[in-house]
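Me: I would like to learn how to read a protein structure feature by feature. Could we go through one together, slowly?

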Amino acid sequence: MAPKPSPPPRLAEVDALRGFALLGILVVNIGVFASSYYGSGMPDPVFDRPLDRAVQLAVALLFETKFYLLFSFLFGYSFTLQIDSAQRAGRAFVPRFCRRLAGLALIGLLHALLLYVGDILLLYALLGLLLLAWRNWTPAGAVRFGVACIFVSGLVWGALGGLMLVFGDGVDPALVQQQAGQALAAYRGTPATIIAWRWQDLTGVVWPGLVLLQAPGTLAMFLFGLAAGRRRLLADGAPQVPAGRLVAIGLPLGLAGAVVYAYAAVFYRASALGVLGMAVGLLSAPLLTGAYVGLALRGFRSAAGGALAAALAPAGRMALSNYLLQSLVCALLFTGYGLGLIGRLAPWQTLLIALALFAIQLRVSAWWLTRHGYGPAEWLLRAATHAAWPRWRRD
């Protein structure tokens, strides 16, 4: 009997890109933990000084709406690797991937209720069903539909902003302050009040917001990742990736759109101009994300960039564990689970905490993977996927 073919080595650049995405996601998500005014349409009156605005502007410009797209692209790319893995093992792919999505949905629901109301995993699990149904699309067809998703989303938000210009934005500052105060009290309270408030948010404004804001872009990037995986663009050192073209096109256009989005998000918030800025951001963010990919890949292939990629890759290999760990640490810092620091730290302080936490995660991930084949959450998800317990420690 012919020996079973061994799986190809992990793509180090994919892992490094995933680690890079984790940094951007943390920089954005920690702001949600740190302020009950985040996403409310009004600035936090305690932290509305020039330095606070400058940090918020930088985060909105460089991070918001960009890194969940990168993570989504890598999800779509990894989907094609999982198809290949199932084929090499001689196993039916659809039941295996459905079990994976069910496990991801359960983790996402628990994550949203217990740790972070802005969870993306449940949305990934639901949209993953569409990715599964469309797995046989041609790369060109996947790209065309993904582009259509982005344009339709941008046009819808642009039309909403136009209507708000005509009929008024309807933002009630007194109501916003009241709701922010209630959220602050709930998050500084007991675990019961925290979970109850998260449930109220999830069933009230958060999930509709995720569907309307993030779902179209997430699905588009899934499909772009599917197309890239079909063409093996990141395989074998990725010599065929048009990194220069991604940067040349995506950086100027994406950065211009990001400037419009960031200025509107920080200075106009939930007004009509803020919504119009959001529309511009939704249209341009994939271009800047593509530029980030191009810049990262070009950098990873230099001597110094190779060392950076090697540092990022372990965190990317256990990205799910690190994503959940980020939420756990932030919940312990900012809610009544621990220190209850929500509303007490300035944006520059929360940014420093995010950078320090990510630096620690890089070291811990490298240490963990010398002893284990998978991160803890990856181990559980792999068990659900394969309906069998994987090996816990390395030999």
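Me: Let me start with a single residue: does Glu 13 count as buried or exposed, and what is its relative accessibility?

Reply: Please keep in mind throughout that this is a predicted model. The general idea is that a residue is called buried when its relative accessible area is under 20%. Glu 13 has a relative accessibility of 14%, and therefore it counts as buried.

Me: Which residue forms a salt bridge with Glu 13, and how far apart are the closest N and O atoms?

Reply: A salt bridge is read from the distance between a side-chain nitrogen of Lys or Arg and a carboxyl oxygen of Asp or Glu, which has to be within 4 Å. Here the partner of Glu 13 is Arg 301, and the closest N and O atoms of the two are 3.0 Å apart. This pair links distant parts of the chain, since Glu 13 lies in helix H1 (residues 12-34) while Arg 301 lies in the loop between helix H10 (272-300) and helix H11 (303-317), 288 residues apart. Arg 301 counts as partly exposed, because its relative accessibility is 38%.

Me: How many salt bridges does a search of the whole structure find?

Reply: The search finds five salt bridges, and two others are worth reading beside the one we have just seen. One of them joins the side chains of Asp 15 and Arg 18, with an N to O distance of 3.2 Å. Asp 15 and Arg 18 are three residues apart in helix H1, so about one helical turn separates them. Asp 15 counts as buried because its relative accessibility is 4%, and Arg 18 counts as buried too, with 12%.

Another salt bridge is formed by the side chains of Arg 232 and Asp 84, which meet at 2.7 Å, N to O. This pair also links distant parts of the chain, with Arg 232 in the loop between helix H8 (191-230) and H9 and Asp 84 in helix H3, 148 residues apart. Arg 232 is partly exposed at 33% relative accessibility, whereas Asp 84 is buried, with a relative accessible area of 16%.

Me: Now for whole helices: at what angle do helix H3 and helix H5 pack, and how far apart are their axes?

Reply: To read helix packing, we look at the angle between the two axes and at the distance that separates them. Helix H3 (residues 67-89) and helix H5 (residues 121-133) pack at an angle of about 45°, and their axes are 12 Å apart. That angle makes H3 oblique to H5. The crossing of the two helices, H3 and H5, is right-handed.

Me: Which residues make the nonpolar surface patch?

Reply: For a patch, we ask which side chains make it and which elements supply them. Leu 163, Leu 165, Val 166, Phe 167, Tyr 263, Phe 267, Tyr 268 and Leu 273 make a nonpolar surface patch of about 850 Å². Helix H6 (139-167) and helix H9 (243-267) each supply at least two of its residues, and H6 gives the most, with four. Tyr 263, found in helix H9, counts as partly exposed because its relative accessibility is 43%.

Me: Where is Met 221 placed?

Reply: Met 221 lies in helix H8, and with a relative accessible area of 5% this residue is buried. The C-alpha atoms of Met 221 and Val 143 are separated by 8.9 Å, although the two residues are 78 residues apart along the chain.

Notes. Residues numbered from 1 in each chain as written. Predicted model: local features only at pLDDT ≥ 70, side-chain atom pairs only at ≥ 80, totals over all residues. Heavy atoms only, no water. Patch = residues over 30% accessible without salt bridge, like charges linked within 9 Å, V, L, I, M, F, W, Y side chains within 5 Å. Areas by Shrake-Rupley, 256 points an atom, 1.4 Å probe, with all protein chains shown as cover. Buried < 20%, exposed > 50% of the residue type's maximum accessible area, 1.4 Å probe, protein only. Axes fitted to C-alpha atoms, helices over the stretch in contact; angles between N-to-C directions. Parallel < 35°, antiparallel > 145°, perpendicular 65-115°, else oblique. Left-handed = near helix turned anticlockwise from the far one by under 90°.
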